Amino acid sequence: MTEKQNRTLPAQPALCRILDANLDRSREGLRIIEEWCRFGLNSADLARQCKQLRQELAAWHTAELRSARDTPADEGTQLTHPQEEQRSSIQHLLEANFCRVEEALRVLEEYGKIYDRNMGKAFKQMRYRVYTLESNLLAYRRYQQLLKSQLYLVTSPRDNLLQVVEAALQGGLTLVQYRDKTSDDGVKLANARQMSELCHRYDALLIVNDRVDLAIAADADGVHLGQQDLPVAEARRLLGPGRIIGCSTTNGEEMQRAVDAGADYIGVGPVYETPTKANKAAAGLDYVRYAADKSPVPWFAIGGIDINNLDAVLNAGAQRVAAVRAIMEAEQPTLVTQFLISQLTRIQNLKAQKLMQIKS
């Protein structure tokens, strides 16, 4: 069937201009997303999906539609909004361009029904594919960030909470957990939302302790669950595949259950006795050694870890650690964060060098 035979009505200049503009908009948005998939995430698969969508859009972008373009007479070129003039983070940039693509595809779907019988159907299916791509890309990006994060700040309530977190972020921190067992829900939600915006401005992840509902409401990157909290599988059903789920463990049996349930990472500890886990006996360095040997997922040693005992934890096999008081109560959170990250990086570099020597 030829293009003319597929027509439901003769093509109108205004209709062609609408289709041309939205084909441009969706192709441009996808190219911006594709560049991050290729150079930011080094994901050939996600970049390929973006390229395939762009090529399919290009096939619909006929000479007839392009020839209807009249940029000098388009009043829309003068319209702008302050939010379009800045991007606070990579996540913000990606979300904005996915919205741009999805809105354009919806316009193409509706107006395309007038232009060509097959056009509306094609763009409807393409819109659903972009929704899936968005979920997969954000999940992939979050997990890659998790893998790169060596230091995990778990917060404790204090008057200058956001200032301390920002100071740690300025020291290179890329993973934060908002933990507050005492405040009412209104305070927790306000803090979580502000912390989410702050972390995303620094391209860091925010995880919310215990509360799936707060994680969703604050647009956080995931949730961390204790052994007595909501089961991992139920949290996954509520959060969907795009967000991270972590789980506290104190022994090998709990570790295996968390892994089998689908946890993306686990906490290993408490390594030392700590007031944040007043009723928990220390799991000790033996469990750190066990996790180093057995854990198939990323894990963070946690519990009483500070500058003074960090070396012992690292020597037991930890490559990632979580800190609470060591940063939250520090006089200079930025410097403490930088020191902890430098020590973790040093250990990783030493292990990499040893591995290269063994291979050679």
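Here is a short chat about a pocket, a surface patch and two residues in this predicted model.

Colleague: Happy to look at this with you! What is the volume of the second largest pocket, and how many residues line it?

Modeller: Glad to help. The second largest pocket has a volume of about 630 Å³. Nearest its centre lie Arg 179, Thr 276, Lys 277, Ile 302 and Val 324, and the residues lining this pocket number 37.

Colleague: Which elements give two or more residues to that lining?

Modeller: Both strands and a helix take part. The strands are β1 (151-154), β4 (222-225), β5 (244-249), β6 (265-268) and β8 (321-323), and the helix is α13 (325-328).

Colleague: How do the lining residues of the second largest pocket divide into nonpolar, polar and charged?

Modeller: Eight of the lining residues are charged. The others divide into 15 polar and 14 nonpolar.

Colleague: Is Ile 216 buried, partly exposed or exposed?

Modeller: Ile 216 sits in helix α8 (residues 212-217). Together with Leu 230 and Leu 238, Ile 216 forms a nonpolar surface patch with about 230 Å² of accessible area. Because the relative accessibility of Ile 216 is 39%, this residue counts as partly exposed.

Colleague: And Arg 17, what separation do its C-alpha atom and that of Gln 332 have?

Modeller: Arg 17 belongs to helix α1 (residues 13-40). With 32% relative accessibility, Arg 17 counts as partly exposed. Arg 17 and Gln 332 are 315 residues apart along the chain, and their C-alpha atoms are separated by 58 Å.

Note on methods: Residues are numbered from 1 along each chain as its sequence is written. This is a predicted model: local features need pLDDT of at least 70, side-chain atom pairs count only at pLDDT 80 or more; totals for chains, interfaces and linings use all residues. Side-chain values use heavy atoms; hydrogens and water are left out. Patches are made of residues with over 30% relative accessible area and no salt bridge: like charges are joined within 9 Å, nonpolar side chains (Val, Leu, Ile, Met, Phe, Trp, Tyr) within 5 Å. Accessible areas come from the Shrake-Rupley method with a 1.4 Å probe; for residues, only the protein chains shown count as cover. A salt bridge is a side-chain nitrogen of Lys or Arg within 4 Å of a carboxyl oxygen of Asp or Glu. Helices (H or I, at least four residues) and strands (E, at least two) are DSSP runs, numbered from the N terminus. Buried means under 20% relative accessible area, exposed over 50%, partly exposed in between (1.4 Å probe, protein chains only). On a 1 Å grid over the protein atoms alone, a cavity is a set of points where a 1.4 Å probe fits but cannot get out, and a pocket is an open set with protein on both sides within 12 Å along at least five of seven lines; lining residues have an atom within 4 Å of a point. Grid points are joined across faces, edges and corners, and a volume is the space filled by probe spheres set on the points. Ala, Val, Leu, Ile, Met, Phe, Trp, Tyr, Cys and Pro count as nonpolar, Asp, Glu, Lys and Arg as charged, and the others, Gly among them, as polar.
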